[in-house]
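Here are some notes to read alongside the model, for anyone opening it for the first time. Have the sequence and the 3D view side by side.

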Amino acid sequence: MKRREFIKSAGLGAAAGAAMLTVAQAKAQQTSGLPNLQWRLAASWPKSLDTLFGGADLVAKRVGEITDGKFQIRAFAAGEIVPALQVLDAVQAGTVELGHTATYYYFGKDPTFSLGTAVCFGMNARQNNAWWYTGGGAEAMAPLFKDYGCIALLAGNTGCQMGGWFRKEIRSVADLKGLKMRIGGMAGLVLAKLGVVPQLIGAPDIYPALEKGTIDAAEWVGPYDDEKLGFNKVAQYYYYPGFWEGGPMLMTLVNEKKWNELPKPYQAALTAACGEVNAWMPAKYDDLNPKALRRLVASGAKLRPFPRSVMEAAERASYELYDELKARSKHWATVYPQWKKFRDEQFLWFRVAESTYDNYAFTSKLGAGKS
Ligand code: CA
């Protein structure tokens, strides 16, 4: 190699090396350039509920781990920053950057918020996931959340809930008349059509109300949570199913302005953490509920299915309400028809393989006693 050529190629090599260094440096700068953030999450749940509050806490913890501690979120329980039923307000106002809640608590602002959690005779957990993730649900609901300055990320599901705790047996629709019942979300409007006097009360305040007799009945979630809240100590009859919550979704609500300011990798971290919690929470419930149900029955709880006449009356009342709401909310008028069409298709499909399998396998006695 001639000297001049050597100098030329060495120079090129050095230039290439310098360029590579620049890319590496830029990458390092980009990573280190991500801001240190500390956000506060307001949850609608007491700390004692390691299912629901545990979900909110896991969102926070995982975001910290994914971002190497740069994006820190701290989860606060109901009442620590705002009461259980004011999480949406706090996120909208920017009092906190984000919250973990059931959006049906806010049906008084707009009934369409109910579709972000559950409505009577709605979908199960699998079907809700299908609607939200790929069936157009998230997109259909986005304009509603935007009106309240939020974006919503699906982050949890309890699975089908129980119908709750009653002091007296419910043998017919007539037994519901005048019954003061704590019930989540818009289901209260449906049951009101059957004579129930519904009360929307946050988790920490249900037990005292039931104990004092301010209410006659209360539903929360299912065996594991209900045992922790102690309802079996003050009411004997444990009804199922919670036909108003076939697979209710929980949401992480993020203040829209704060979300838009987030670096893209942090948006991805938060989205991924919510997705993980959406798988983790129903797993935890399904693992813990059967054990808790055994303990509750052993301690004297009397399990009862709702009579079919009550279920049918409630279903008729539901469709009546859903029709009325079209005139009351522009969001409902847009989202409900899309939701209903999707739900009907899901029900038709689930009738074929899933329901046939479930109904056979879950009730067959052939496996009993076999190891
Ligand atoms: Ca409930």
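1. Start with Q346, which sits in helix α12, the stretch covering residues 330-352. Keep in mind that this is a predicted model. Is Q346 buried or exposed? Its relative accessibility comes to 14%, and the cut-off for buried is under 20%, so Q346 counts as buried. Leaving aside residues up to four places away in sequence, Q346 touches M123, Q127 and A130.

2. Next, have a look at the calcium ion. Which atoms coordinate it? The donors are OE1 of Q161, two OE atoms of E219, the O of W220 and two OE atoms of E245, at 2.2 to 3.1 Å. Along the sequence, the donor residues follow the spacing Q-x57-E-W-x24-E.

3. Two of these donor residues come from distant parts of the chain: Q161 and W220 are 59 residues apart. Q161 is in the loop between β4 (150-157) and β5 (164-166), while W220 is in the loop between β8 (217-218) and α8 (223-229). Q161 is buried, because its relative accessible area is 4%. W220 is buried too, with a relative accessible area of 3%.

4. Why is the arrangement around the calcium ion called irregular? The 6 donor atoms subtend angles of 44 to 151°. Six donors count as octahedral only if opposite ones are over 155 degrees apart and all others between 65 and 115, so this set ends up as irregular.

5. Now for the empty space inside. Rolling a probe the size of a water molecule over the atoms shows where such space is left. Searching the whole structure turns up 3 cavities of 30 Å³ or more, and the largest has a volume of about 100 Å³. It is lined by 15 residues, and those closest to its centre are Y104, Y105, Q161, V221 and E245. Q161 and E245 also appear among the calcium donors. What kinds of residues make up the lining of this largest cavity? They divide into 9 nonpolar, 3 polar and 3 charged.

6. Last, T214, found in the loop between α7 (203-212) and β8. T214 has a relative accessible area of 45%, so it is partly exposed. Setting aside residues up to four places away in sequence, T214 touches K180 and A209. T214 and K180 are 34 residues apart in sequence, and their C-alpha atoms are 7.7 Å apart in space.

Methods:
Residues numbered from 1 in each chain as written. Predicted model: local features only at pLDDT ≥ 70, side-chain atom pairs only at ≥ 80, totals over all residues. Heavy atoms only, no water. 1 Å grid on protein atoms, 1.4 Å probe; cavity = no way out; pocket = protein on both sides within 12 Å on 5 of 7 lines; lining within 4 Å. Points joined across faces, edges and corners; volume = space filled by probe spheres on them. Nonpolar A, V, L, I, M, F, W, Y, C, P; charged D, E, K, R; others polar. Helix = DSSP H or I, 4+ residues; strand = E, 2+ residues; numbered from the N terminus. Buried < 20%, exposed > 50% of the residue type's maximum accessible area, 1.4 Å probe, protein only. Contact = heavy atoms within 4.5 Å. Donors = N, O, S within 2.8 Å, 3.2 Å for Na, K, Ca; no water. Tetrahedral: all angles 85-135°; square planar, octahedral: opposite > 155°, others 65-115°.
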